[in-house]
Amino acid sequence: GETEVFIPHLNKLVLFTKEWAGKELTVRNRLVGDRFGTKKLKDVFIDRKLDLYTRDTAVIILEDKSIVWVENISHDASISVALKK
């Protein structure tokens, strides 16, 4: 039922619109073997030419063990990430 989650070690605040509030989501970093759609997440990051630090600190949102949103990759405006001031 939350609409925001703070990740202290990254100093990031993940904001969700109300459409996500009733769903069980997992917020984490990338893991070896992650897939985003039909492609390996590692390959998606490389294709976008994102540096290693950005890849390692990117926030990933899962629903039912399936990746639904990736920071710096996804364009779904219902989830956003901001640095906490």
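**Exercise 1. Work out the strand order of the sheet that holds β1, β2 and β8, and say which strands stand at its edges.**

Let's start with the order. In this predicted model, the three strands form an open sheet arranged β1-β2-β8, and their pairing is antiparallel. Next, look for strands with a single partner: β1 (4-7) and β8 (79-83) each have just one, so they stand at the edges and one side of each is left without a neighbour in the sheet. To finish, add the geometry: from one strand to the next, the twist averages 20 degrees.

**Exercise 2. Trace how β1 connects to β2, and find a residue pair that stands opposite across them.**

Begin with the pairing: four bridges link β1 and β2, in the antiparallel sense. Then turn to the connection, where the two strands form a hairpin with four residues between them. Within that turn, N11 has a positive phi of about 55 degrees. For the residue pair, pick V5, which stands opposite V14 in β2.

**Exercise 3. Follow β2 across to β8, and decide whether β2 is mostly covered or not.**

First, count the bridges: β2 (residues 12-16) pairs with β8 over five of them, again in the antiparallel sense. Second, locate the facing residues. F16 stands opposite I79 in β8, and V14 stands opposite V81 in β8. Here V14 links back to the previous exercise, as V5 stands opposite V14 too. Third, check the burial, taking buried as under 20% relative accessible area. Four of the five residues of β2 are buried, so by this cut-off the strand is mostly covered.

**Exercise 4. Do the same for the sheet that holds β3, β6 and β7: give its order, its edges and the angle between neighbouring strands.**

Order comes first once more: this is an open sheet of three strands, β3-β6-β7, with antiparallel pairing. Now the edges: β3 (25-28) and β7 (66-70) have a single partner strand each, so one side of each is left without a neighbour in the sheet. As for the angle, neighbouring strands are turned by 30 degrees against each other on average, direction ignored.

**Exercise 5. Describe the contact between β3 and β6, and name the bridge partner of L25.**

Take the strands together: β3 and β6 (residues 60-63) run antiparallel and are joined by four bridges. Then zoom in on L25, whose bridge partner in β6 is E63.

Key: Residues are numbered from 1 along each chain as its sequence is written. This is a predicted model: local features need pLDDT of at least 70, side-chain atom pairs count only at pLDDT 80 or more; totals for chains, interfaces and linings use all residues. Side-chain values use heavy atoms; hydrogens and water are left out. Two strands pair if DSSP finds at least two bridges between them. Axes are lines fitted to C-alpha atoms, for helices over the stretch in contact, and angles run from 0 to 180 degrees between N-to-C directions. Buried means under 20% relative accessible area, exposed over 50%, partly exposed in between (1.4 Å probe, protein chains only).
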